[in-house]
Each structure stands twice: as structure tokens, then as C-alpha cells.
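Let's take a tour of a protein model, starting with its ring-shaped side chains and ending with the empty space inside. Keep the 3D view open while you read.

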Amino acid sequence: MSETREQILEEIKIQGDLVRKLKMAKESKEKIDEEVARLLALKAKLGDEPATPQKFTLKTPKGTRDYSPQQMMLRQDVLDKIIAVFKKHGGEAIDTPVFELKEVLTGKYGEDSKLIYDLKDQGGEILSLRYDLTVPLARYLAMSKISTLKRYHIAKVYRRDNPSITRGRYREFYQCDFDIAGNFDPMLPDAECVKIVSEVLDTLDIGEYVIKINHRQLLDGMFEACGVPADKFRTICSSVDKLDKSPWSEVRKEMIEEKGLDAIAADQIGEYVQLSGGNELVETLLGDEKLKAVSSAVKGLEGMQLLLKYCNAMGLSQKISFDLSLARGLDYYTGVIYECVLKTEPKIIQNGADNAEEQGTVGSVAGGGRYDNLVGMFDAKGKQVPCVGVSIGVERIFSVLEAKNAAAGIKMRTNEVEVYVASAHKGLHEKRLSILNSLWMQGIKAEHSYKLNPKLLAQLQHCEENQIPLAIVFGDSELTKGIVKLREVNTRKEEDIPLSALADEIKKRLRG
């Protein structure tokens, strides 16, 4: 039933009061803008009054950002290094649609399902934006009847989360995933995923880190040993997953007051989740009377023992920690789980050095685990394809590196031009084009001024400002001799080079 005019007017009054209260309480501009937009939408429903011109705030949507050329150069450099590691380990690239059928995503993310962006029904399929790259991979494997694949996928995902730009947490962001699908012997692919995370972070040189590891079967066994009802395993796991952001006292309160867990069971969980270590901790827990009585806990500990052994063989013993507080709240994990955090929390600058507004710290920079049952959810016969994988948190890594560059005063080049073609006086623009063409044909990155008669000083200043290493300078006198001057921009040293040998000389200097 459509609303009456009186109902709409009443809603406008209530919404107007809310906007005034927010302004009086000095709430954030973002919050006020959202409520003002709702007020305007209500007024638009009346339809019989001329619309009053409203001031339009030009901004990116909440939880998103633009990237300048300098930021994009940094991003591309990071992604190139990550892809090189993925390829070194035999990874193959795939891509999937940015949106999926809603039923593909439903029921895969536990409590985080509320963060999925649903798209408006256009009279056809009910769709949602992808939340991660893992569920689309499982759908792809099931659809394509693929049982073995070592794949990487770098693409944007979308979460209706409460964003924190200063912590590198967005609503639209890139994920860099590496996954190994197939039936293999225990922990061999799992250990390689840990190695891949380590290699990526070592290559990017963002600081000291620790890769936390745990096992879902051990967590479930621990919950069972502590008296948690089986139907509460996932929801209690989701609470434990918050320990990286909240103190135990708050997590305990949530378990008891919001999720109805017995206080004694919560306290027993509290004793376990404060433990971390290595092989010695596994040995201690294998001797724990409560855990020994639960088969899933024993299986999880034996798996951890094997994983630690393989990680030690790959030189990772100083970079990993067996941590019982690590839970990872997603429903689809069935075995080993990982999360990588930086040991020292660097300050993150919003929008880089040019627009430093707020500061904060960064959370985990990688995470993942084993999910053996996810592909079977999409297969008509329930055929399982065991999988294990890891996701690199590149947005947070970008934020860390931007902050490091800003602190060190490093200005990245925003293009890769190797040589600039400069004319010394009027009437030489066609010759510039001819020289440019010959350089481009030789695969040399080159550019020139788009003015017919640019001043020589302005051309040379452009080279210095944009860190272009070489410049070709010529006038009529040089052309009559069949030469040009090749200038090293940093030293301003010039040398006469025959036009016929120009490309070879440029390549030689760039190599040197």
C-alpha cells in the first residue's frame, strides 16, 4: 500500500529532527550527509513541490578511495612482485565475474554474511557483489569439473563493512589469492602456502612479521572439551576471532551475554586461547587430559605437528607461531588456518603524504586456510575437491608502504619514460615526431611536448621534474650534420650522437 501524504510529512518531520540532533551533537560529516540524503529522498516523494537546489558534496562513496598516478605506480610494483612469487610456485591465473548469483554466496560466511552487497533486482537474476575470491573459485571448480588446480587471482571484492581508511580497511578492495586444489598428502600444500606468504612479505620488505597458525579441528575439539554445545561452535568461533581487536574480557562478555554460553565454559576457553608457541606447545597439549579425550582435538594437534615440521624444513621456524587465539570466523574452513600480522604496528597515513588527515595502525596483512567441503556445496553429486589457500591483504600493505615512502620523503616516478625529445627552436615539431617514431619502433619509451614551439628551458625542466633520465636536444645546426645531442638529465652532460646510432646508444646507456 502506498504511503499517504500525511504519512510522508510525518516521516519528514521525524527525519528532520534526527538531522538537527546529529548536527547539535557534532556527529561526523559522513553520518550527517547520509541522514540528509534520506531526508531529501522523503521530500522527493511528495512530488508536488518544486525541488530546491541542494548543495552536492562531491566525494567518493564511503569506504572507497581514488588512487593518484604515484599511488598506482606503487600498487603496480607491489602486485608485480606478488605475481612473481605466485608464478615461482607454479600458479596459474583465472578471473571470475565481479557479481555472483546471490545463492552462490549465501550461507558461506557465517555472521559475516550480513556484509554482502546485494544488488537491486532488475527483473531477472538475484545477484550480489562478490565478498571474497574463495567462494567464486569453489563455484568455478565445481562448474568446470576441475579437481586439481594451483591458481592465483587478483581482483576487487566488496564488503558492507564499517570501513577504517586509516587501517587500510575498505568496502571496495583488492584481494591477492593463491590456492591449491586437489587430493594430496596431508600438510604439503598447506606448508607451501605459509612459505608463499613469507616470500611475499620478505620481497615487499614491509617490516618484521609473524605468521600465526592454528587448526579448525583443534578449535572445535577445544570447544567440545570446554563444554560448548555443538550448535554453538561456529558462533563461539566467531567471538574468538575478535581477540586480535578486542581484549579477552570483552570477548568473554559477548560469549556469555549475547551468545548464551555458560561462564565456566567461557573461562576454560580463556585458558586455552591465551597460549601460543611452537612444537613444545603441541607436545604439551597432546598431553592435556581434556583435549586427549576429544578425537578432533587430537587430529588437529597431529596436523599442527606435521605442519610445523614441514615449515621448519623450509626455514620458517622463526617466522611462525602456533596460536590458539587464531580462529578466523568464516564458516567454510575445515583444517589449518593462518593469519600474518606485523610485529610492529606502523602508522598509516590516509591518502598518502599529499593529504595526511588521520593516522592509525594496520591489522593482519595475510590470512587463509584449508576448506575441503566448499566445492562439494556446488556439485550436484556433492563431489569434494579439497582446497587450501591464502589471501594477501594488499590494501593494508599499500598503506604501510605509502606511509614508509612519505616518512622517507621518497617520490615515486609516475611514468616510465626513458628519453625526452626536445627541439631547440621553432619549426622542428615534424622532426620531433620522426625521431619519436624511430625510438618507439625500437621499443624505447619516449615522449615530447605537445606544443609546436616549446621553449627549450621548459622542456628540460619537464625532464628534471619527472625524473626522465635522458633527453635528445637538436636544432637545425645538428640536423645538417646528421647528429643530435644526447643529454644526461641528472648531470646535464651532453654528447653528440649520429642519428643512425641514436637508438643503440640510448639502449646502451639505459642498460648501464
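Seven aromatic pairs turn up here, if you pair rings of Phe, Tyr and Trp (its six-membered ring) whose centres lie within 6.5 Å, and call planes under 30 degrees apart stacked, over 60 edge-to-face and the rest tilted. One of them joins Phe86 and Phe178, a tilted pair with 5.3 Å centre to centre and 45° between the planes. Phe86 sits in helix α3 (residues 69-88) and Phe178 in strand β5, so this pair ties together parts that are 92 residues apart in sequence. Both Phe86 and Phe178 are buried, where buried means under 20% relative accessible area, exposed over 50% and partly exposed in between (1.4 Å probe, protein chains only). Tyr109 and Tyr131 pair up too: their ring centres are 4.3 Å apart with planes at 45°, so this pair is tilted. Tyr109 belongs to the loop between α4 and β3 (127-129), and Tyr131 to the loop between β3 and α5, so the pair links parts 22 residues apart in sequence. Tyr109 is buried at a relative accessible area of 0%, and Tyr131 is buried at 1%. Together with Tyr332, Tyr333 and Tyr371, these two tyrosines form one aromatic cluster.

A quick word on ground rules. This is a predicted model, where local features need pLDDT of at least 70 and side-chain atom pairs count only at pLDDT 80 or more, while totals for chains, interfaces and linings use all residues. Residues are numbered from 1 along each chain as its sequence is written, and side-chain values use heavy atoms, with hydrogens and water left out.

Now zoom out. The protein has 18 helices and 18 strands, which are DSSP runs numbered from the N terminus (helices: H or I, at least four residues; strands: E, at least two). Its C-alpha trace spans about 90 × 75 × 45 Å along the principal axes. Of the 512 residues, 46% count as buried.

Is helix α5 enclosed or open? Eight of the eleven residues of α5 (residues 134-144) are buried, so this helix is largely enclosed by the rest of the structure. Among those buried residues are Val135, Leu137 and Leu141. The buried residues of α5 pack against β2 (99-101), α4 (102-105), β4 (149-158), β5 and β13 (387-392).

Next, some backbone angles. Most residues other than glycine have a negative phi. Here are three residues with a positive one:

| Residue | Phi | Place |
|---|---|---|
| Lys145 | about 55° | just after α5 |
| Met187 | about 70° | loop between β5 and α6 (188-204) |
| Asp205 | about 55° | loop between α6 and β6 (209-215) |

Met187 is buried, with a relative accessible area of 8%, whereas Asp205 is exposed at 54%.

Finally, the empty space. Searching the whole structure gives one cavity of 30 Å³ or more, a cavity being a set of points on a 1 Å grid over the protein atoms alone where a 1.4 Å probe fits but cannot get out. Its volume is about 60 Å³, counted as the space filled by probe spheres set on the points, which are joined across faces, edges and corners. Which strand gives the most to the lining? Strand β5 (residues 172-181) does, with three residues. The residues lining the cavity include Arg65, Tyr170 and Glu395, each lining residue having an atom within 4 Å of a point.

Note on methods. On a 1 Å grid over the protein atoms alone, a cavity is a set of points where a 1.4 Å probe fits but cannot get out, and a pocket is an open set with protein on both sides within 12 Å along at least five of seven lines; lining residues have an atom within 4 Å of a point. Contact means heavy atoms within 4.5 Å.
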